[in-house]
Amino acid sequence: MLGPGCALRSSCLPLLCACTLLLLPPVAPVSLPTPKPQERAKLLLVSFDGFRWDYLDRVPTPNFHALMKEGVQVEQVENIYITKTFPNHHSLVTGLYAETHGIVANEMYDPSLNLSFSMETDSMYDSRWWDQAVPLWVTVQKAGGRSGAAMWPGSDVKIRGAYPDRYLPYNASVSFETRVQRVIEWFAAPRDEAVDFAVLYWEEPDESGHLLGPESPLMDEVIADIDEKLGFLRNELRKAGLYEEVNLIVTSDHGMMQLSTEKIIELDEYVGRDLYTWIDKSPVVGIIPNEGKLDDVYNKLKDANPYMAVYKKEDIPAHYHYQHNIRIMPVLLEAQEGWTIVQNRTAPFMLGNHGYNNSLRSMHPVFVARGPAFRQDFVQPSMQSVDLYPLMCHILSIRPAPNNGSLMRVKALLSQEPCPPAPSVPPRIPQYSYAPVIGSMISIVMVVGFLIFYIREVTVKQLPTLPRGSREMSQPLLQEDMNLHFLETHRGFVSVRHI
Ligand SMILES: [Zn+2]
């Protein structure tokens, strides 16, 4: 990051160079200072899947609260629609809504590829699903930095031709502690090998939230265990001497809602299964009606149940940012908070779920952060989850790819005001590094141009009555008088002089 003086320095350098050059012989070599490589900030992004924002105060969570005291907290993070795991994790590292980054659900169908995606199968390793957007780890590497990923959704897929420099292929049986130790090793490696940015994913408390329901008293223990895991991470960072250096962001993809067997919507009551294929499941269901059956299916469902909204794709509310992608299905069913859509009651039932409207507080994730880039003991009421991407780019001094987030909405979290316009700083290349070169070149052009102009003007004034050809013949004499040897090397003048 550059301090407030950066703009002043870069704007003044060309003028200083010009002034200096006027005092030097015209051909004196220009020595430019070698810019020092900029010290890059370190950043670790951690996601505890399904950690709802209010779990923090449900049981004692001393490690989360220590982080809040040492750093910042955002109370309400509005994530992206739909509030499922893969779409939201990909938004965190791209700053894009699902319709733009293309991971629109945990289960997808792409008509143009004629492929199905499921996070339960190897289909998710097909790069074609992921190439609609560039995750931050790829951007960091293309800008000359290094990145690492421990089980983050999509991080073990080749995206835009690249894997993270260091990554763990997804394996749910690898413990949290092992994941942390790998990440610490990546940060603590020798300077020319260490990662600058890493992402770390853990499956809980999402799995227990689905199984038990978030209101279950048994969730208390699960939440306390997550806090202990965060404590383990803090201790490992301290032991490696990284705690004060690494910026640590702890967040999640979504919250969790308690379900009830009293709140079931059975599609079989309203429409025959032979009329459609359903792709993504409750609480937001993507449906492909059979050929020629779009209106028939839609009409059968649209007023079928007061707890289910039904949209044709073109009518999905614009503020969902969930329409303009071929992977969004022709008909979308959205259950109200706490309701479950099934085909019939033989389907397995969960006591907790997420995926609902992203404006619901029950769907919102936790967000705390600490480190040199962040203020201390500061609480911000709200942000959008897509704002995290430009925030991370700013911390890493990376030029952000086009995104739906806003650094301005989260700049209050930072210990230093961003130097506007913040976004366009490639890493390791200080913002002012090209300015001396450009300034000096402009100055040289100006000096040479001035001399040529001066020579021509003086010559014209001294020989006002000579015909044009005579003026040309007289130029070498004038130059000789002025002792401008650098012009002698110009072939045209030399040849004229000997005429
Ligand atoms: Zn889940």
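In this predicted model, helix α6, spanning residues 176-188, packs against helix α8, spanning residues 219-239, at an angle of about 25°, and the two axes lie 10 Å apart. Because angles under 35 degrees count as roughly parallel, α6 is described as roughly parallel to α8. The crossing formed by α6 and α8 is right-handed. On the side of α6, the contact is made by Phe-176, Glu-177, Val-180, Gln-181 and Ile-184, while α8 contributes Lys-229, Phe-232, Leu-233, Glu-236 and Leu-237. By character, the residues of this contact between α6 and α8 divide into six nonpolar, three charged and one polar.

A separate element of the model is an open sheet built from four strands, which follow one another in the order β11-β12-β14-β13 with antiparallel pairing. The edges of the sheet are occupied by β11 (276-278) and β13 (308-312), and because each of these has a single partner strand, one side of each is left without a neighbour in the sheet. On average, and with direction ignored, neighbouring strands of this sheet are turned by 25° against each other.

The pairing of the edge strand β13 can be described in further detail. Its partner is strand β14, comprising residues 331-335, and the two pair in the antiparallel sense over five bridges. Within this arrangement, Met-308 stands opposite Ala-335 in β14.

Note on methods: Residues numbered from 1 in each chain as written. Predicted model: local features only at pLDDT ≥ 70, side-chain atom pairs only at ≥ 80, totals over all residues. Axes fitted to C-alpha atoms, helices over the stretch in contact; angles between N-to-C directions. Parallel < 35°, antiparallel > 145°, perpendicular 65-115°, else oblique. Left-handed = near helix turned anticlockwise from the far one by under 90°. Contact = placed C-beta atoms within 7 Å. Nonpolar A, V, L, I, M, F, W, Y, C, P; charged D, E, K, R; others polar. Pairing = 2+ DSSP bridges.
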